[in-house]
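Dear colleague,

Please find below the structure that I am handing over to you. My findings follow directly after it.

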Amino acid sequence: IQLPKINGDFKVEITDLTGRSLFQENYTDRKENIVLTVNLSHLVKGVYLCSVNNEDIFIGTQRVVLIK
């Protein structure tokens with residue numbers, strides 16, 4: 001996951017298309033562009049959503065297609 005610089009703490013969450021949370025992690029203030037590695041090997045192939053929120057402010061969502 002590649003993110004621009006984000007001021008303040010933020011949360012990355014991976015959900016399935018029904019909204020069920022499969023991964024969630026909080027990160028601290030990052031002043032530079034960010035590249036995060038998330039292990040999704042435990043998930044079956046399919047379409048997921050990756051959302052980023054900053055202190056209850058929605059930053060964005062990206063579709064993730066997992067192919068095994």
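By the rule applied here, the count comes to 1 salt bridge. Please note at the outset that this is a predicted model. The salt bridge joins the side chains of Arg-20 and Asp-16, with a distance of 3.0 Å from N to O. The two partners stand in contrasting surroundings: Arg-20 is exposed, at a relative accessible area of 53%, whereas Asp-16 counts as buried, at 11% relative accessibility. The cut-offs behind these words are under 20% for buried and over 50% for exposed.

As for the overall composition, the secondary structure of the chain comes to 6 strands and 0 helices. Read from the N terminus, the elements therefore run β-β-β-β-β-β, each letter standing for a strand. The chain has 68 residues, of which 34% count as buried.

The sheet

An open sheet is formed by 4 strands, in the order S3-S2-S5-S6, and their pairing is antiparallel. At its edges lie strand S3 (21-27) and strand S6 (57-66), each of which pairs on one side only. From one strand to the next, the twist averages 15°.

Strand S2 deserves a closer description. With strand S5 (residues 46-54), strand S2 (residues 10-16) pairs in the antiparallel sense over 6 bridges. Two positions illustrate this pairing: Glu-13 stands opposite Ser-51 in S5, and the bridge partner of Val-12 in S5 is Val-52. S2 also pairs with S3, again in the antiparallel sense and over 6 bridges. Here Thr-15 stands opposite Ser-21 in S3. S2 is mostly covered, since 6 of its 7 residues are buried. As a general point, side chains in a regular strand alternate between the two faces of the sheet.

S2 and S3 form a hairpin with 4 residues between the strands, and within this hairpin Gly-19 takes a positive phi near 95°.

The nonpolar core

Which residues of the largest nonpolar core touch the most other members? They are Leu-3, Phe-10, Val-12 and Leu-36, out of the 16 residues in this core. S2, S3 and S5 each supply at least two residues of the core. Val-12 thus appears in two roles, as a bridge partner of Val-52 and as one of the core residues with the most contacts to other members.

The surface

Nonpolar side chains are also found on the outside. Leu-17, Val-47, Val-65 and Ile-67 form a nonpolar patch on the surface, and together they have about 400 Å² of accessible area. Of this group, Leu-17 lies in the loop between S2 and S3. Is Leu-17 buried or exposed? At 60% relative accessibility, Leu-17 counts as exposed, because the cut-off for that term is over 50%.

A second loop residue to look at is Thr-37, which is found between strand S4 (34-35) and S5. Thr-37 is exposed as well, with a relative accessible area of 78%. How far apart are Thr-37 and Gln-2 in sequence and in space? In sequence they are separated by 35 residues, and in space by 8.9 Å, taken from C-alpha to C-alpha.

When you open the model, I would suggest beginning with the pair Arg-20 and Asp-16, and then turning to the sheet order S3-S2-S5-S6.

With kind regards

Technical notes: Residues are numbered from 1 along each chain as its sequence is written. This is a predicted model: local features need pLDDT of at least 70, side-chain atom pairs count only at pLDDT 80 or more; totals for chains, interfaces and linings use all residues. Side-chain values use heavy atoms; hydrogens and water are left out. Two strands pair if DSSP finds at least two bridges between them. Axes are lines fitted to C-alpha atoms, for helices over the stretch in contact, and angles run from 0 to 180 degrees between N-to-C directions. A salt bridge is a side-chain nitrogen of Lys or Arg within 4 Å of a carboxyl oxygen of Asp or Glu. Buried means under 20% relative accessible area, exposed over 50%, partly exposed in between (1.4 Å probe, protein chains only). A nonpolar core is a set of buried Ala, Val, Leu, Ile, Met, Phe, Trp, Tyr and Cys residues joined through side-chain atoms within 4.5 Å. Patches are made of residues with over 30% relative accessible area and no salt bridge: like charges are joined within 9 Å, nonpolar side chains (Val, Leu, Ile, Met, Phe, Trp, Tyr) within 5 Å. Accessible areas come from the Shrake-Rupley method with a 1.4 Å probe; for residues, only the protein chains shown count as cover.
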